[in-house]
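Here is a walk through one model, written for someone who likes to see the cut-offs next to the claims. Cysteines come up right away, then cores, a sheet and salt bridges.

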Amino acid sequence: MEIIWYLLKCPEGNEEDYAEKYLEFVIPDGLNEIVCFQYQRMMRYGGKWHLEKRMLMPGYIFLSGTKNIALKENRKDNWCAEGVALFPCESPYPKEMCQEGNLIGISKGMIKNGSPIVTSGPLKGRERLIRRIDRHKRIADIEIPFSGSRKRVTVGLEIYEKQI
C-alpha cells in the first residue's frame, strides 16, 4: 500500500497542540501518523549546557495516510478554519534524518581545511546540505528539499575540533 504525505500549514508556535485540534478538521479514514519534526540542540544557561528540543519547521505539520486525506466540511464552529490548509506533498526529507521517532539528534564533527566533516549523527554523509555553522551556539543551518524548492532549517551540530 502506498503512503501518501500531506502538508498541513498552521500558525507558528505550539504545533503539537494545533495537530490535535486540526484532527477535528481532518477525516481520519486512512490516516497513519501526524508528524511534527523536532531537532535537538545544546543551550547554555545557569553555567551549564542543557539538551533542548526545538521545532524543525515551525508552522508545518505532516500527515501520512494510505488514502486521500480530506478536510471535513460543514463544521458548526469555525475554530481557526481559515488557517487550515492541507496540501499533498512528497515524503518529507527530515524523515530520512530522524534517528528516533520524529527527532533529529545532534551531529558531531570537525572542520578540516575550511570544510565540515561530520563524524556522527544525522548529518554524517550529508555535509553538502550545510550552509552555515555557528560554533558558539552549536547549530548549523542546512538546506533541504521541500515542496519542490529548498528550505533552510536549523539543526544541532557540535564542532569539537578545527584543523588548518
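Cys-10 has its closest cysteine sulfur in Cys-36, and at 7.2 Å that is too far for a bond. A disulfide here is a pair of cysteine sulfur atoms within 2.5 Å, and the structure holds zero of them. Seen from the other side, Cys-36 is in no disulfide either, with the sulfur of Cys-10 being the nearest one. Both cysteines are tucked away: Cys-10 counts as buried at 11% relative accessibility, and Cys-36 is buried with a relative accessible area of 10%. For that label, buried means under 20% relative accessible area, exposed means over 50%, and partly exposed is in between (1.4 Å probe, protein chains only).

A word on provenance: this is a predicted model, where local features need pLDDT of at least 70 and side-chain atom pairs count only at pLDDT 80 or more, while totals for chains, interfaces and linings use all residues. Residues are numbered from 1 along each chain as its sequence is written, and side-chain values use heavy atoms, with hydrogens and water left out.

Cys-10 also turns up in a core of eight residues, a second and separate one, whose members include Tyr-6, Leu-8 and Leu-63. A nonpolar core is a set of buried Ala, Val, Leu, Ile, Met, Phe, Trp, Tyr and Cys residues joined through side-chain atoms within 4.5 Å. The largest core has 27 residues, and those touching the most other members are Leu-56, Met-57, Phe-62, Ile-104, Leu-123, Ile-130 and Ile-142. Strands β1 (4-9), β5 (60-65), β11 (139-146) and β12 each give two or more residues to this largest core. Helices (H or I, at least four residues) and strands (E, at least two) are DSSP runs, numbered from the N terminus.

What does Ile-104 touch, leaving out residues up to four places away in sequence? Its contacts (heavy atoms within 4.5 Å) are Gln-38, Tyr-39, Gln-40, Leu-56, Pro-94, Met-97, Cys-98, Pro-122 and Val-155.

Now for the sheet. Three strands line up as β4-β3-β7 in an open sheet with mixed pairing; two strands pair if DSSP finds at least two bridges between them. The edges belong to β4 (48-55) and β7 (103-104), each with a single partner strand, so one side of each has no neighbour in the sheet. Strand β3 (residues 38-45) and β4 run antiparallel and are joined by eight bridges. Gln-40, for one, stands opposite Lys-53 in β4.

On to charges. A search of the whole structure finds seven salt bridges, each a side-chain nitrogen of Lys or Arg within 4 Å of a carboxyl oxygen of Asp or Glu. Among them are these:

| Pair | N to O distance |
|---|---|
| Lys-95 and Glu-33 | 3.6 Å |
| Glu-52 and Arg-54 | 3.4 Å |
| Lys-108 and Glu-158 | 3.9 Å |

The Lys-95 and Glu-33 pair links distant parts of the chain, 62 residues apart: Lys-95 is in helix α2 (residues 94-97), Glu-33 in strand β2 (residues 31-35). Lys-95 counts as partly exposed at 28% relative accessibility, and Glu-33 is partly exposed at 28% too. Arg-54 is partly exposed, with a relative accessible area of 31%.

Lys-108 forms its salt bridge with Glu-158, and this pair spans 50 residues, from strand β8 (residues 107-112) to strand β12 (residues 149-163). Salt bridges with shared partners join Lys-108, Arg-138 and Glu-158 into one network. Lys-108 itself is partly exposed, at 38% relative accessibility.
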